[in-house]
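Please look over the fold below, strand by strand. The report starts with a sheet and works inward.

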Amino acid sequence: QVQLVESGGGLVQAGGSLRLSCAASGRFVSNYALGWFRQAPGKEREFVATITWRGISAYDEDSVKGRFALSRDNAKNFVYLQMNSLKPEDTAVYYCAASRRTTRQVQDIDYWGQGTQVTVSS
C-alpha cells in the first residue's frame, strides 16, 4: 500500500508561481514512479508529469512545456511540482499519482492522492 498526500495548492494571480508537494509513504515507494495529473471542472483527468526513483522524468509538453518542473527527494519520499508563469487555464485539482511503471494513462495508475486545488486568477 502506498499513501499519497498533496499540499501546496491555493489561489495565485496569473504569472505567479506555486510549488506542489506530494508526501509518499509505504515500504516500497521506491518501486513506483510518482507524478501529477490534473482535472479541471467538466474535463477529463489529464497527465502533467511523472518521475522515477532514478530521476527519469516525462512531461506533457503541449500544456506545461518550459513552465513546470518535477523533482523527487528519495530520502524523504517527497515529489515536488514547481509551477511558474501560471495561467488561468492551469486551474484544476492536481492529483499525486503512483504507478509501477512510467505512464501517461489514468487507467495505469495504482494509487491516487486526494488532490489539491490550484486556482489561477486573471
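What follows covers an open sheet, a central strand and its partners, the core, a cavity and some single residues.

**The open sheet**

This is a predicted model. Four strands make up an open sheet, in the order E1-E3-E8-E7. Their pairing is antiparallel. Strand E1 (3-7) and strand E7 (68-73) are the edge strands, and each pairs on one side only. From one strand to the next, the twist averages 15 degrees.

Take the E7 edge. E7 runs antiparallel to strand E8 (residues 78-83), and six bridges join the two. Phe68 has Met83 in E8 as its bridge partner. Which residues of E7 point to one face and are buried? They are Phe68, Leu70 and Arg72. Ala69, Ser71 and Asp73 point to the other face and are not buried. The side chains thus alternate along E7.

**E4 and its partners**

Next comes strand E4 (33-39). Six of its seven residues are buried, so E4 is largely enclosed by the rest of the structure. E4 pairs with E9 in the antiparallel sense, over seven bridges. E4 also pairs with E5 in the antiparallel sense, over five bridges.

Trp36 shows both pairings. Trp36 stands opposite Cys96 in E9. In E5, Trp36 has Ala49 as its bridge partner.

E4 and E5 form a hairpin, with six residues between them. Gly42 sits in that turn and has a positive phi of about 75 degrees.

**The core**

The largest nonpolar core has 28 residues. Leu4, Trp36, Leu81, Met83 and Tyr94 have the most contacts inside this core. Several strands give two or more residues to the core: strand E3 (18-25), E4, strand E5 (46-51), E7, E8, strand E9 (92-99) and strand E11 (116-121).

Leu81 is a good place to look. Setting aside neighbours within four places in sequence, what is Leu81 in contact with? The list is Leu18, Arg19, Leu20, Trp36, Val48, Phe68, Ala69, Leu70 and Tyr94. Trp36 and Tyr94 are also among the core residues with the most contacts.

**The cavity**

How many cavities of 30 Å³ or more does the structure hold? It holds one. Rolling a probe the size of a water molecule over the atoms shows where empty space is left. The volume of the largest cavity is about 40 Å³.

Its lining consists of Ala33, Leu34, Gly35, Trp36, Phe37, Ala49, Thr50, Ala97, Ser99, Thr103 and Ile109. E4, E5 and E9 each give two or more residues to this lining. E4 gives the most, with five residues. Trp36 therefore belongs to the lining as well as to the core, in a strand that is largely enclosed by the rest of the structure.

**Residues with a positive phi**

Most residues other than glycine have a negative phi, and most peptide bonds are trans. Two residues here take a positive phi although neither is a glycine.

| Residue | Phi | Place | Relative accessible area |
|---|---|---|---|
| Asn77 | about 55 degrees | loop between E7 and E8 | 23% |
| Ser85 | about 50 degrees | loop between E8 and E9 | 42% |

Asn77 belongs to the hairpin of E7 and E8, which has four residues between the strands. Are these residues buried, partly exposed or exposed? Asn77 is partly exposed, and Ser85 is partly exposed too. The cut-off for buried is under 20% relative accessible area.

**Thr116**

Thr116 lies in strand E11. Thr116 is buried, with a relative accessible area of 11%. That value falls under the 20% cut-off, so Thr116 counts as buried.

Where does the chain come back to Thr116? Thr116 and Gly10 are 106 residues apart in sequence, and their C-alpha atoms are 8.0 Å apart in space. Beyond its neighbours within four places in sequence, Thr116 is in contact with Glu6, Ser7, Gly8, Gly9, Leu20, Ala92, Val93 and Tyr94. Leu20 and Tyr94 are also in contact with Leu81.

Note on methods
Residues are numbered from 1 along each chain as its sequence is written. This is a predicted model: local features need pLDDT of at least 70, side-chain atom pairs count only at pLDDT 80 or more; totals for chains, interfaces and linings use all residues. Side-chain values use heavy atoms; hydrogens and water are left out. Two strands pair if DSSP finds at least two bridges between them. Axes are lines fitted to C-alpha atoms, for helices over the stretch in contact, and angles run from 0 to 180 degrees between N-to-C directions. A nonpolar core is a set of buried Ala, Val, Leu, Ile, Met, Phe, Trp, Tyr and Cys residues joined through side-chain atoms within 4.5 Å. Buried means under 20% relative accessible area, exposed over 50%, partly exposed in between (1.4 Å probe, protein chains only). Contact means heavy atoms within 4.5 Å. On a 1 Å grid over the protein atoms alone, a cavity is a set of points where a 1.4 Å probe fits but cannot get out, and a pocket is an open set with protein on both sides within 12 Å along at least five of seven lines; lining residues have an atom within 4 Å of a point. Grid points are joined across faces, edges and corners, and a volume is the space filled by probe spheres set on the points.
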